[in-house]
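Reader: I should be grateful for a close look at one part of this protein, namely its second largest pocket. Please describe its space and its lining, and then set it against the rest of the structure.

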Amino acid sequence: LWAATASAGGLYVQELATPRNGTAQAGQAAYAYDAATAFYNPAGMSRLEKPRWLIGFQPFITDIEFDLKGTTTFDGGEGGQQGGVVPTLGAYYAHPLNDRWALGASFVGISGGALNPDNDWAGRFYITNLSLMALALNPVVSFRVNDWLSVGAGVAVNYGTLDFDLKLPRVGNSIDRDALRGSVEQKIAQSPLPGLIDRINQLPPPIREPILERIDEALAPARAQLQGVSELLEPGPEGKVEMSNVYDFAFNYNLGILIEPCERWRFGITYRSEVDFKMHGDFNVTSLPPIYRALGLTDGNVEAEIKLPHLVRASVYHQLTDTVALMANVGWEQWSSMEFTPITGPAGEGIQVPRDWKDTWHFALGTEWRVAPRWLLQTGAAYDTSPVRDRFQNLPDQPSDRQWRFSVGVVHDWSERVKIGLSYTFIDFGHSPIDTSNAFGRLAGDYQSFDGHAIAMSVGF
């Protein structure tokens, strides 16, 4: 049960291996025809007359390639193909207790990210591997208030895990030692020390030798320090940092309302509260340059805080004719709460990786056409705004931009109880322009190829 690459406005996954993929998730909070409503809007379970299951499988394929700009000063390549294939699963259940109450549950990947660039790419000091996954077990309950209003709620147990690797630059590799040596020699030549040594050398040996011995003893600690600094700054291999087995459990809740003013119209509103992961795991360093060990960097434990923010989504479903239905979404996600990603290392020293994201908006339109009694065709498109304010705040470990989705699907009624769904979604994740610098250099470029392909297969019964 693996989550797909980063989706929705920030890190939420939108493709959940359900028939809603066929409409680009349009109408998800108002659809309420199968067990997936247990996740999308628990209030919709009030429409189901019998217990329902839905099981979905979804290969998620990403095509991610970075294009370096000429202003990059780090050495290295463009990272090659950073994407891959990630299998995802979803399981949903809804059980009506009577004509008013229903229980249900879902088990899905709600968030994720995966990047795997070449180890020698120019952005290796930011990331060489990333695997972020969040799974949610979400039991829910619904209650039909009257003929036109239903409500639902649930509490989710979320499991989040993170694996993250990067390279450490060898400080000496970025220093021009010849220029540094020349500068030091010039300062020594301009100091009184050479003249003083010349005068001492003119003294008779019985006087000269004791004075030179005293000078050697006085300069010995400085020479040792200079030798130590020289060794720290020697060129050599780059270090590697690995954060592994970093995980946490966190809780949140979700609420839903379904309004049915007439037979052909339905309106749904859902709210999902923030998930605040405070992950703990292993911090390992290998081939570590001496200067980092001198600064206290060593193996140990690491803590990382990752937030998945509040979201609100509203949907409408309209049965236009007996064979055609229209649906739409509008949503909001509070990614402005992600100002930083706090990370605490083995020595207790903390850093805050800047994000400074903004809230995002989601829009979707979809349609369904029953071309035959047992065949339902679907299509839809969705758009999510970018959480990134500008390219100087976009980092290679979580590249983000606006997103477009285009979907087609088909649902076949195998029997009165069994429905089989198949859909394809193309996702354009944008370009994610990046222009960031640190003490060792600058990384500039964008993801000219940043696409996703979700193929969802589901069985409802």
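Author: In this predicted model, the second largest pocket holds about 800 Å³ of space. Its lining consists of 36 residues, and those nearest the centre are Y33, D34, L48, R52 and K419. Several strands contribute to this wall: β1 (52–68), β10 (311–319), β11 (324–333), β14 (360–372), β15 (375–384), β16 (403–413), β17 (419–428) and β19 (441–460) each provide at least two lining residues. By class, 16 of the lining residues are nonpolar, seven are polar and 13 are charged.

The largest pocket offers a point of reference, with a volume of about 1100 Å³. It is lined by 40 residues, of which L166, L168, I343, I351 and V353 lie closest to the centre. Among the elements that give two or more residues to that lining are β4 (129–144), β6 (239–262) and β9 (300–308), while β5 makes the greatest contribution, with five residues. The classes there are 28 nonpolar, eight polar and four charged residues.

As for the surrounding protein, the chain forms five helices and 19 strands, and 47% of its 461 residues count as buried. The largest nonpolar core comprises 65 residues, with Y92, L162, M243 and L308 making the most contacts inside it. Apart from that core lies another, of eleven residues, including Y317, M327, A364 and A382. The accessible surface of the protein is about 21300 Å², and carbon and sulfur atoms account for 61% of this area.

Conventions
Residues numbered from 1 in each chain as written. Predicted model: local features only at pLDDT ≥ 70, side-chain atom pairs only at ≥ 80, totals over all residues. Heavy atoms only, no water. Helix = DSSP H or I, 4+ residues; strand = E, 2+ residues; numbered from the N terminus. Buried < 20%, exposed > 50% of the residue type's maximum accessible area, 1.4 Å probe, protein only. Areas by Shrake-Rupley, 256 points an atom, 1.4 Å probe, with all protein chains shown as cover. Core = buried A, V, L, I, M, F, W, Y, C linked by side-chain atoms within 4.5 Å. 1 Å grid on protein atoms, 1.4 Å probe; cavity = no way out; pocket = protein on both sides within 12 Å on 5 of 7 lines; lining within 4 Å. Points joined across faces, edges and corners; volume = space filled by probe spheres on them. Nonpolar A, V, L, I, M, F, W, Y, C, P; charged D, E, K, R; others polar.
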